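Visitor: I am new to this structure and would like a close look at a single part of it. Please take one strand and follow its links outward.

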Amino acid sequence: MRNTPVTWPRAELGGGASTAKRRFALQMGGNEIALSRGELLLGRSRSCQVIVDDMLVSRHHARLLVSHAALFVEDLGSTNGVIVNEAPIAGPTPLSDGDRIIVGTQEMVVRAVDDGVETLAPPSPRSTQTTPKAQPSIQLAAIKPTSPEIPAVRATLSAAHPGLEGADTTQRTEKADGLLTMARMADRMITMGRHDAAARLLGDHLKGLLARAREGRAVPRDVLDTVGVYGLKLTEVTRDPTWTNIAVELHLIARRPLPEKAVVALEGLLPKIEGIDRPMILALKAALRDAADNLARDEWALVERILRIQTR
């Protein structure tokens with residue numbers, strides 16, 4: 001059963017005469033949009049009050065409850081979830097000034113000021129109404145990913161699954177979509193120098209994939225390739241071998257070679273990073289030799305390169 005404004009968490013909603021009144025906004029790129037008070041739907045649909053133009057955002061992705069004293073966000077069962085400060089949310093979540101919200105590939109920063117501080121545009125005259133239809137729509141244009149890693153990963157996906165990157169984005173697997181969403185945001189964080197935040201964002205996802213693989217559940221090749229690229233990338237920027245070891249073990253279980261970008265990174269990292277599991281790399285080599293007859297032709301060159309990697 002959906003929460004309504006009446007049944008949302010009451011903590012921090014205020015309402016007493018002594019509670020300071022605040023106004024809230026979402027900052028995205030160079031835009032800062034004041035939020036009207038009430039319940040606002042956020043998503044890709046034109047019926048939402050906060051429209052985020054991103055194919056990885058669900059039509060009705062989340063909702064915001066804006067009071068005179070607090071701001072909450074709740075995921076509405078979206079495909080890719082809502083992330084607040086690098087952690088997925090599980091229920092209605094309070095937001096404070098400076099909190100970062102990720103939906104799809106878009107990152108928004110919460111801005112909150114006391115009434116009387118003219119930093120934000122004044123609330124809409126309709127803000128006293130609480131039904132979604134009474135709220136004006138706010139268009140948030142999509143920010144295109146600028147990281148050089150994303151085209152490389154997309155190219156890998158296309159090669160692994162012809163037609164995967166066709167006009168219908170829904171043809172991609174849900175797991176690949178979710179991981180690519182996280183990867184885009186991780187790239188943005190790495191560019192900003194927030195390496196540990198990128199590892200926190202991707203870490204649970206990578207560990208979850210490995211746990212499922214250990215249970216015998218298949219991991220699609222497109223997901224494997226993305227894990228290979230970003231596992232090695234996280235090790236490169238954080239100097240933590242955990243992520244490389246996860247990538248190698250996943251490929252060992254699947255008996256598939258790492259993608260070319262990951263192989264190149266592994267060659268460079270092995271002499272520099274202690275803790276990379278060399279016996280596991282040897283096990284991967286043995287598994288690839290045994291599985292050679294079942295591999296696609298485009299994987300043979302990768303297998304040969306992996307077999308040449310020096311582990312001593």
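Guide: What follows starts at one strand and moves outward to the salt bridges and the cores. The model is a predicted one.

The strand is β6, which spans residues 71–75. Is β6 mostly covered or mostly open? Four of its five residues are buried, so the strand is mostly covered, buried meaning under 20% relative accessible area.

β6 pairs with strand β5, residues 62–66, in the antiparallel sense, and five bridges join the two. β5 and β6 form a hairpin, with four residues between them. Within this pairing, R63 has E74 of β6 as its bridge partner. The side chains of E74 and R63 also meet, in a salt bridge with an N to O distance of 2.8 Å. Because E74 lies in strand β6 and R63 in strand β5, this salt bridge ties together parts that are eleven residues apart in sequence. Both ends are covered: E74 counts as buried at 11% relative accessibility, and R63 counts as buried at 0%. As a general point, side chains of opposite charge can pair when their charged atoms come close.

β6 is also joined to strand β9, residues 93–95, by three bridges, and these two strands run antiparallel. Here F72 has P94 of β9 as its bridge partner.

Between β7 (82–84) and β8 (87–88) is a loop that holds N85. N85 is not a glycine, yet its phi is positive, at about 55 degrees. N85 counts as partly exposed, with 36% relative accessibility. E86 lies in this loop as well, but E86 counts as buried, at 12% relative accessibility. E86 forms a salt bridge with R200, and their closest N and O atoms are 3.6 Å apart. R200 belongs to helix α3, so this pair ties the loop to a part of the chain 114 residues away in sequence. E86 and R200 are also members of a network of salt bridges that links them with R100, E107 and R194. In total, 13 salt bridges are counted.

Another of these salt bridges joins D298 and R221, with closest N and O atoms 3.1 Å apart. It links distant parts of the chain, since D298 is in helix α8 and R221 in helix α4, 77 residues apart. D298 is partly exposed, with a relative accessible area of 43%.

Helix α4 also borders the loop that leads to α5, where R239 is found. R239 has a positive phi of about 65 degrees, although R239 is not a glycine. Its relative accessible area is 44%, so R239 is partly exposed.

The helices lead on to the cores. The largest nonpolar core has 49 residues, and V227, L250, L258 and L266 touch the most other members. Several helices supply at least two residues each, among them α3 (195–214), α4 (221–238) and α8 (297–307). The largest share, nine residues, comes from α3. Apart from its neighbours within four places in sequence, L250 is in contact with L209, L210, A213, V219, L224 and V227. A second core, separate from this one, has 23 residues, including V57, V73, V82 and I101. In soluble globular proteins, nonpolar side chains tend to be buried together.

Notes:
Residues are numbered from 1 along each chain as its sequence is written. This is a predicted model: local features need pLDDT of at least 70, side-chain atom pairs count only at pLDDT 80 or more; totals for chains, interfaces and linings use all residues. Side-chain values use heavy atoms; hydrogens and water are left out. A nonpolar core is a set of buried Ala, Val, Leu, Ile, Met, Phe, Trp, Tyr and Cys residues joined through side-chain atoms within 4.5 Å. Buried means under 20% relative accessible area, exposed over 50%, partly exposed in between (1.4 Å probe, protein chains only). Contact means heavy atoms within 4.5 Å. Two strands pair if DSSP finds at least two bridges between them. A salt bridge is a side-chain nitrogen of Lys or Arg within 4 Å of a carboxyl oxygen of Asp or Glu.
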